[in-house]
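Colleague: I am new to this one. Could you take me through it, piece by piece?

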Amino acid sequence: MLSGHYQRGGHSTQIAAHLQIDAQGRVFCREAALDGVAFSALTVSPRIGNTRRYLNFPGGACFETDDNDTVDRWVQEHRHVSFRGSMVHRLEANARYVAVAALVTLLFAATFLVWGVPWLSKQAAYALPQEVSTSLGQGTLEFLDKHLLAASELSAERQRELAALFAKLAPTNIGFELKLELRSSELIGANAFALPDGTIVLTDDFITLAANDQQVAAVMLHEIGHVSGRHGLRGALQNAGLATLLVVIAGDASSASSLLVTLPTLLVSTSYSRDMETEADLYAASAMVMRHIDPQELLSVLHRLEQAHNDSPGDRKRDGGWLDYLSSHPLGEDRFVPLREFIAGLHPA
Amino acid sequence: MTVSNPVATEPQDPQTSRNLAFGFTGNGWEYFKIWIVNVLLTILTLGIYSAWAKVRTQQYFYGNTLLDNASFRYTAKPMTILKGRLVAVAAFVAFSLAQEFAPKVALAMIVAFLLVMPAIIVRAMAFKLGNSVHRNVAFGFRYNYKQAYAVFMAPTLALIALVVVFGFGAQMLSEGDQGAAAAGIGIAVLAYFLGLPFFNYLASKFYVNNSRYGDSSFNYMGGAGGFYKLYGMTILLGLGVILLLSVVIGVIGGESLAMLNAAKESGGEVPPGQMMMMLMSQGGLMLAIVPAYMLIFAYFEAKRFNLVYGSSVLADHYGFSARLRTGGLAWLYLSNLVIVVLTLGLGIAWAKVRAARYHLNNLEFVAAEDLDRFAAAQQEKISALGDEIGEVFDLGVGI
């Protein structure tokens with residue numbers, strides 16, 4: 001016997017009622033005047049913990065009960081669906097499965113964040129036509145020119161020299177039309193960056209900072225590495241993937257945890273851009289080896305850049321936060337470890 | 001005929017009204033098991049299961065919400081949610097990409113989004129309420145697009161109008177003085193902020209007045225005054241808390257400085273013990289800012305919840321009595337934060353259950369008549385797109 005409330009439907013009346021079932025699977029209820037309704041015609045709501053169950057009758061009536069065990073028994077005996085439909089509940093009801101689920105979830109989330117998102121976005125970035133990268137970068141230089149950058153103040157001759165150097169370095173087989181743009185900017189100081197469409201911007205301060213043209217070449221190659229690796233598109237895809245992942249998982253999460261979601265996102269996305277810096281460093285280093293330039297020059301010029309940003313009067317404390325973001329060259333000794341190892345591998349002691 | 005007619009319009013006798021408690025019967029461990037299996041299956045199915053997970057979660061929370069020993073039921077179909085969710089996630093990805101690479105496109109998307117937002121809100125509410133059932137009678141939400149546009153576009157339009165009128169007005173009157181124009185715009189923005197409580201009132205009224213249970217309407221009985229009081233008191237509380245904190249920080253900071261200076265002058269070093277004390281008191285203050293913020297937030301949320309529920313009436317004879325307390329809610333926020341942090345996020349399940357229980361334990365339904373006299377209304381099928389967009393873009397639809 002099943003105790004609960006019978007709700008006729010179309011109306012909010014409910015009556016306390018008891019359902020009975022016979023061996024043929026016919027349901028009876030004296031209070032609701034049900035006389036042998038086939039149990040198989042009823043829609044039974046799935047079991048969710050100990051939440052109440054609803055037996056929906058064909059005409060729109062509903063029977064609400066908290067006697068989950070009896071409902072389960074009836075379903076098993078008269079519907080012969082012992083496993084289907086209740087599988088999720090079986091997972092939930094077993095503490096061991098739950099522990100495994102928690103562990104797998106944590107591991108999977110960690111793995112996916114560390115390797116999955118970067119790998120997937122790399123595949124996607126190369127699978128997408130190259131025009132996507134190009135079109136995504138359009139308008140960025142105009143925007144920067146309007147707000148951040150001014151025309152280069154280097155002599156016309158020096159500019160020609162640099163253009164020639166760049167033309168010598170730029171590979172033609174990566175599908176991008178590489179362009180060198182020289183600019184001056186008080187705000188970002190000595191800096192270099194690449195836009196996803198293949199535009200590479202160097203600032204006057206950087207040209208002055210570099211000890212020699214080999215160092216300028218090193219940074220040019222580093223930026224070419226970003227373009228060739230489609231890092232702009234990959235970065236965007238990574239951030240979008242990360243955000244989507246969090247929306248999907250936290251679709252359940254309460255707003256109280258939003259801070260807890262944002263902070264790790266920031267950390268993870270910083271670590272992604274760090275990985276791409278390393279990739280560009282290694283690209284530049286091997287390109288330098290091929291062109292018989294000592295990759296040590298790359299290490300030196302990167303150190304110089306770091307030093308310049310630490311010492312400059314427009315000190316990093318003031319505008320370091322977003323400057324770091326813009327230059328996308330996270331500073332710190334850790335970054336140079338892979339490059340050092342690469343160089344050390346070239347000259348076995 | 002001299003027989004009096006005592007029935008038709010006689011006012012309700014307050015003696016006969018009953019206070020029916022809401023209750024929540026779920027528990028943290030039980031919901032944790034449901035949640036973690038949901039997350040696992042969502043991951044294993046590359047997100048597809050999330051629609052089923054949402055339904056299961058909603059069914060858990062609805063089913064454990066009791067009023068007069070009858071539960072609530074969530075009747076949305078996972079497939080409907082999946083369709084809406086796919087579109088919403090696609091839009092979200094497109095927007096994230098545009099933000100990174102095509103700021104102009106992103107801007108256009110924001111404008112387009114603002115233009116359709118009122119319609120999204122209506123559809124989201126209709127989906128939510130249409131899929132909420134109590135005693136086998138569904139709730140519902142009127143498709144009142146006209147009012148939605150009036151209520152949700154009004155603040156933006158008012159701001160634009162104010163800026164234009166005051167900004168240009170001041171500029172014209174002063175014959176092109178930029179300072180006067182800036183002052184004019186300042187006045188416009190101030191006027192806009194003075195209007196915010198009123199806009200908030202309009203939105204709450206819109207949500208309540210267009211909701212129905214069966215074919216019976218909800219009605220918002222309060223005025224704008226309650227919202228002005230709510231905002232005013234919250235600002236006063238905020239100022240008080242900030243003042244208190246800055247006094248304490250000033251005193252402790254001053255002492256530390258004095259100690260350091262004294263140590264420097266005497267040529268000695270600050271004793272490590274004292275140094276520790278100084279650092280700890282400063283760290284403690286930084287930590288105090290979080291509860292202070294939560295206290296202000298809790299005050300606002302508790303009073304707003306009480307105000308909106310307390311002013312809502314169903315079919316003229318039924319109302320609510322909401323008694324959230326600032327202290328209780330602040331404690332809930334703070335303890336939930338601690339639980340979630342200490343468990344690396346796994347405690348979200350407990351946090352959600354505790355929040356539901358706290359709110360429902362402090363809410364009562366005041367019924368002047370029986371609950372079994374509500375008739376169901378015609379139901380129509382509705383897509384989940386509005387609801388999903390509202391969720392993915394975190395619109396916070398609803399009261």
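**Sheet, cores and a bent helix**

Modeller: This is a predicted model. Start with chain A: seven strands form an open sheet with antiparallel pairing, in the order S4-S3-S2-S1-S7-S6-S5.

Colleague: Which strands stand at the edges of the sheet?

Modeller: Look for strands of chain A with a single partner strand. One side of each is then left without a neighbour in the sheet. The strands are S4 (34–38) and S5 (43–44) of chain A.

Colleague: What is the bridge partner of Phe28(A) in S4(A)?

Modeller: Strand S3 of chain A covers residues 26–29. S3 pairs with S4(A) in the antiparallel sense, over four bridges. In S4(A), the partner of Phe28(A) is Asp35(A).

Colleague: Which helix gives the largest share of the largest nonpolar core?

Modeller: That core has 46 residues. Ile81(B), Ile121(B), Met125(B), Ala126(B) and Ala148(B) touch the most other members. Nine residues, the largest share, come from helix H4 (residues 103–130) of chain B.

Colleague: How many residues are in the other core, apart from that one?

Modeller: Its members include Phe176(A), Ile224(A), Leu298(A) and Val301(A). This core lies apart from the largest one. Its count is 37 residues.

Colleague: Where does helix H3 of chain A bend?

Modeller: H3 runs over residues 95–127 of chain A. Its buried residues include Thr105(A), Leu113(A), Val117(A) and Pro118(A). The helix bends by about 50 degrees, and the place is Phe112(A).

Note on methods: Residues numbered from 1 in each chain as written. Chains lettered and ligands numbered in written order. Predicted model: local features only at pLDDT ≥ 70, side-chain atom pairs only at ≥ 80, totals over all residues. Pairing = 2+ DSSP bridges. Helix = DSSP H or I, 4+ residues; strand = E, 2+ residues; numbered from the N terminus. Core = buried A, V, L, I, M, F, W, Y, C linked by C-beta atoms within 7 Å. Buried ≥ 20, exposed ≤ 12 C-beta atoms within 10 Å, placed from the backbone. Bend = angle between axes of the 7 residues up to and from the residue.
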